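Trainee: I would like a close look at strand pairing in this model. Please start with disulfides, then work through the sheet and what surrounds it.

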Amino acid sequence: DPLLLERGGGGQNAFNLYRYLRRDGKVYSGLQKRKLALISRPWQVDPVGDGEAGQRDAAVVLAMLKSVMFDRLCSELLDALLVGFVPAEIVWTLRGGLVTPDRIVKRAQRRFVYVQTDPNAAPELRLLTRSNLTEGEELEERKFIVHRYNPEDDNPYGTGLGLQLYWPVFFKRKGVLSWNKLNDRFGSPTPWGKYPKSSGPKEKGTLFDALKAMSNDGVIVTPEGMSIELLESKLSGSISTQKDLCAYMDNWISEVILSQEAGQRTGATASAATEREDVRLDLVQADADLLSDTLNSTLIKWF
């Protein structure tokens with residue numbers, strides 16, 4: 001990921017660059033809409049065949065998924081939307097004559113690395129340890145589920161939405177900071193004290209203390225008559241540049257996560273609402289299909 005290499009240093013903690021994006025309310029809200037829209041849907045286990053054995057196996061798999069809190073597992077695996085990949089460890093146990101998952105635990109991305117030892121084989125996931133911080137240790141078979149989002153030939157980790165969300169969040173934070181400074185500067189008057197040219201340090205200190213008692217922000221002390229005034233802002237009109245910037249970045253964030261702007265209008269209100277609903281359902285269906293592929297090729301197959 002070029003952004004993790006450039007801004008995150010490429011080390012083990014580089015993934016925090018994307019995890020911290022959830023501190024932004026707009027990012028968190030958008031991700032929750034997308035994840036919970038999927039988690040709230042009913043799910044089922046379909047047998048491979050129509051025979052009695054297939055129906056029986058499907059019932060066993062269904063019971064197994066319910067025992068590991070399947071909805072929470074799906075929610076955790078969907079964090080790959082932001083970071084790119086999520087590893088989850090299966091803790092196996094023996095129950096009712098079956099080798100079955102006792103629990104499935106999400107693990108931190110920074111603890112894993114992909115290594116390609118054979119040019120003719122796909123890169124394999126390994127666990128970084130203190131004794132091997134470069135290539136990591138080989139993992140046990142049928143031990144880790146890895147859900148990936150947009151993996152590529154030269155990037156087996158996947159590319160999450162954090163790559164597109166980082167800059168709008170970055171500029172939004174700068175805009176909010178500038179906006180607050182502007183409001184502080186022009187939203188309240190600045191105390192201005194004037195002291196005679198013959199005043200000594202004691203008189204100047206007394207004046208300065210009086211001004212600081214009136215304001216927690218900046219004050220002005222100048223020589224002349226011993227008087228205190230309030231400097232009113234000379235700015236006229238509305239302050240909207242920073243507000244417009246933050247609104248633009250919020251729309252950018254919504255478009256990245258939900259594939260649409262928050263206030264998008266493409267025609268009549270009813271038609272626009274229908275289109276947004278269709279896009280949302282398409283995203284839910286796509287996320288469900290990708291998650292089903294991951295689970296069917298790992299957890300279900302191994303069980």
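Mentor: How many disulfides does the structure hold? Zero. Keep in mind that this is a predicted model. Two cysteines deserve a note. Cys74 has a relative accessible area of 7%, and Cys246 has 6%. The cut-off for buried is under 20%, so both Cys74 and Cys246 count as buried.

Now the setting for your sheet. The protein has 11 helices and nine strands. Of its 303 residues, 34% are buried. Take the contacts with a sequence separation of 6 or more: 63% of them join residues 24 or more positions apart.

Here is the part you asked about. Three strands form an open sheet in the order S3-S4-S5, and the pairing is antiparallel. Strands S3 (112-115) and S5 (132-138) are the edges, each pairing on one side only. From one strand to the next, the twist averages 50 degrees. As background, strands of a sheet pair through backbone hydrogen bonds, in a parallel or an antiparallel sense.

Take the two pairings in turn. S3 and S4 run antiparallel and share four bridges. In that pairing, Phe112 faces Leu127 of S4. S4 spans residues 124-129 and also pairs with S5, again antiparallel, over three bridges. There, Arg126 has Glu138 of S5 as its bridge partner.

Next, the side chains of S3. Which way do they point? Phe112 and Tyr114 point one way, while Val113 and Val115 point the other way. All four are buried. On S4, look at Leu128. Leu128 is buried too, at 14% relative accessible area. Measure from C-alpha to C-alpha, and Leu128 lies 10.0 Å from Tyr114. In sequence, the two are 14 residues apart.

Tyr114 takes you beyond the sheet. Together with Phe15, Phe85 and Tyr157, Tyr114 forms one aromatic cluster. So how many aromatic pairs turn up in the whole structure? The search finds 12. One of the pairs joins Tyr248 and Trp252: the ring centres are 6.4 Å apart and the planes meet at 65 degrees, so the pair is edge-to-face. These two residues sit four apart in helix H9 (residues 241-258), which puts about one helical turn between them. Their surroundings can be read from accessibility. Tyr248 is exposed at 54%. Trp252 is partly exposed at 33%.

Aromatic rings also meet arginines in this model. The charged end of Arg7 sits over the ring of Phe170, 5.5 Å from the ring centre. Arg23 lies over the face of Tyr20, 4.2 Å from that ring's centre.

Another arginine is worth a stop. Arg34 is in helix H3 (residues 25-39). Is Arg34 buried or exposed? Buried: its relative accessible area is 6%. Set aside the neighbours within four places in sequence, and Arg34 still contacts Leu81, Tyr149, Leu161, Ile257, Leu258, Leu283 and Asp287. Asp287 brings an acidic residue into that list.

Finish with the backbone in two loops. Most residues other than glycine have a negative phi. Met69 has a positive one, near 55 degrees. Met69 lies in the loop between helix H4 (52-67) and helix H5 (70-77). At 45% relative accessible area, Met69 is partly exposed. Asn150 also has a positive phi, near 60 degrees. Its loop runs between strand S6 (144-148) and helix H7 (162-187). Asn150 is partly exposed, with a relative accessibility of 45%.

To return to your sheet: S4 pairs with S3 over four bridges and with S5 over three. Start your viewing at Phe112 opposite Leu127. Then go to Tyr114, with Phe15, Phe85 and Tyr157 in its cluster.

Methods. Residues numbered from 1 in each chain as written. Predicted model: local features only at pLDDT ≥ 70, side-chain atom pairs only at ≥ 80, totals over all residues. Heavy atoms only, no water. Phe/Tyr/Trp six-rings, centres within 6.5 Å; stacked < 30°, edge-to-face > 60°. Buried < 20%, exposed > 50% of the residue type's maximum accessible area, 1.4 Å probe, protein only. Lys NZ or Arg CZ within 6 Å of the ring centre and 35° of its normal. Disulfide = S-S within 2.5 Å. Pairing = 2+ DSSP bridges. Axes fitted to C-alpha atoms, helices over the stretch in contact; angles between N-to-C directions. Contact = heavy atoms within 4.5 Å.
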